[in-house]
Amino acid sequence: MGVERRPLANRPLAEPHPSRLSPEHPDRELILAAHAAALGAGEAGYLDPGSGLFVLSAGFLARRGTCCGRGCRHCPYVAD
């Protein structure tokens, strides 16, 4: 039995939900630029500019078809 696919939230993949990336985050612009580059290249993610950790892109997460529930920064399923 497969996992049921969930609908994506009604926002662009390039825009993370504010609960996952605050508009006041000090590295927001760098994060969004790195994320946009990953989305544009079709890559699974990018290295976070502050921590150096690998962060999954919204495109990769959307292709999975469902939320994993781990609080991903760019989760495309988190609705308002």
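How many salt bridges does the count come to? In this predicted model, the answer is two.

## The R28–E15 pair

Let's start with R28, which forms a salt bridge with E15; their closest N and O atoms sit 2.7 Å apart. The two partners come from distant parts of the chain: R28 belongs to helix α1, which covers residues 28–41, while E15 is in the segment before α1, 13 residues away.

What about their surroundings? R28 counts as buried, at 11% relative accessibility. E15 is partly exposed, with a relative accessible area of 34%.

## The R73–D48 pair

The other bridge joins R73 to D48, and here the closest N and O atoms are 2.7 Å apart. R73 lies in the segment after α2 (58–64) and D48 in the loop between β1 (45–47) and β2 (54–56), so this pair ties together parts that are 25 residues apart in sequence. D48 is buried, its relative accessible area being 9%.

## Two enclosed spaces

Searching the whole structure turns up two cavities of 30 Å³ or more. The largest has a volume of about 60 Å³. Its lining includes E15, along with L8, H35, A58 and H74, among others. Sorted by class, that lining has eight nonpolar, two polar and two charged residues.

The second largest cavity has a volume of about 40 Å³. Among the residues lining it are L61, R64, T66 and Y77, plus the cysteines C67, C68, C72 and C75. Here the split is seven nonpolar, one polar and one charged. C75 and P76 turn up in the lining of the largest cavity and in that of the second largest.

Key. Residues are numbered from 1 along each chain as its sequence is written. This is a predicted model: local features need pLDDT of at least 70, side-chain atom pairs count only at pLDDT 80 or more; totals for chains, interfaces and linings use all residues. Side-chain values use heavy atoms; hydrogens and water are left out. A salt bridge is a side-chain nitrogen of Lys or Arg within 4 Å of a carboxyl oxygen of Asp or Glu. Helices (H or I, at least four residues) and strands (E, at least two) are DSSP runs, numbered from the N terminus. Buried means under 20% relative accessible area, exposed over 50%, partly exposed in between (1.4 Å probe, protein chains only). On a 1 Å grid over the protein atoms alone, a cavity is a set of points where a 1.4 Å probe fits but cannot get out, and a pocket is an open set with protein on both sides within 12 Å along at least five of seven lines; lining residues have an atom within 4 Å of a point. Grid points are joined across faces, edges and corners, and a volume is the space filled by probe spheres set on the points. Ala, Val, Leu, Ile, Met, Phe, Trp, Tyr, Cys and Pro count as nonpolar, Asp, Glu, Lys and Arg as charged, and the others, Gly among them, as polar.
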